[in-house]
Amino acid sequence: MPPKQAAAFEEFLARQGPVGDGVAWIAGSWRCQEPFTEIVFIKRLGAEEAALAYGADAQDIADRLLLHQAEERDAQEDTDDLTRALAFGEENGWTWLGYHDFDHAFSRSLDPPPEQQITLGATMAKAMYAFSYFEDGVYQNPFPTEDGAEDRRDMYELIWYDPGEAPFAPEAPLSFLNLHLRMAEKAANWTDNIALFLEGLERAFGLTLPRNAITSGNVRCARPARR
């Protein structure tokens, strides 16, 4: 599209509300590393295929294991499989993966890299809540304006976001997110800065996670592949 037409279309998209449950609903519990410490969204790769590529157990996938079943097994057998389970599904054209990255049981990379990949990571002990975005394996560096264009980082910490200010410089690859964040602020669905940032991602990318299914454990999951 010509620049003016592209800008108008981006503004139209930004004014649209979140799809489904969105992702901002995780903000409160995510500060305590729930429902997962790592949440990955992937384009152009099916959920089962992505789970296998991440190192999930093929038999668990074939058995269509559910998250609440892993929890029930933990209670019955005094194990901790739930903390080593990879939950997965597909919502609004995205494959999503959720897991607790406590022992690096699952891979962090896909080969070849997907068309788009968004990763959200929570480390409660360090109060670190991070966001990264890749296109075809290329990092779309979201440096904050206060750090300057030369300060390249491997993630963007959500606590850097200050509502009312544009977090990304005009020349940054993710500068288009500024508009979506502004629309989230105007909608005033949330007051928490992390929830607002996540709503901005909802509006920009159409991200959503099935709230009831995740909280009830009725989503598919798999444990790490047996070696």
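**Cores, strands and helices**

Q: Leaving aside its neighbours within four places in sequence, which residues is F131 in contact with?
A: Contact means heavy atoms within 4.5 Å. Sequence neighbours of F131 within four places do not count here. That leaves I118, T119, L120, M155, Y156, L158, L174, L177, F197 and L201.

Q: What pLDDT do local features need in this predicted model?
A: Residues are numbered from 1 along each chain as its sequence is written, and side-chain values use heavy atoms, with hydrogens and water left out. The model is predicted: side-chain atom pairs count only at pLDDT 80 or more, totals for chains, interfaces and linings use all residues, and local features need pLDDT of at least 70.

Q: Which residues touch the most other members of the largest nonpolar core?
A: A nonpolar core is a set of buried Ala, Val, Leu, Ile, Met, Phe, Trp, Tyr and Cys residues joined through side-chain atoms within 4.5 Å. Buried means under 20% relative accessible area, exposed over 50%, partly exposed in between (1.4 Å probe, protein chains only). This core has 45 residues, and its most-connected members are F41, F131 and L198.

Q: Which element gives the largest share of this core?
A: Elements are DSSP runs numbered from the N terminus: helices are H or I, at least four residues, and strands are E, at least two. Those giving two or more residues include β1, β5 (128-135) and α7 (193-205). The largest share is eight residues, from α7.

Q: How many residues are in the other core, which includes I42?
A: It lies apart from the largest core. Its members include I42, L45, A56 and A105. Its total is 17 residues.

Q: Which residue in β4 stands opposite F41?
A: Strand β1 (residues 38-42) has five of its five residues buried. Two strands pair if DSSP finds at least two bridges between them. Five bridges join β1 to antiparallel β3 (residues 94-99), and five join it to antiparallel β4 (residues 116-123). F41 has W96 as its partner in β3, and in β4 it faces I118.

Q: Within what arc do the buried residues of α5 fall?
A: In α5 (residues 67-77), L67, H68, A70 and D74 are buried. They line one face of the helix, because their directions, seen down the axis, fall within an arc of 160°. That arc is taken from the helix axis to the C-beta atoms. The value is 160°.

Q: Which exposed residues does the opposite face of α5 carry?
A: The buried side is covered by elements including β2 (86-91), α8 (211-216) and β8 (220-222). The face turned away from it carries Q76 and E77.
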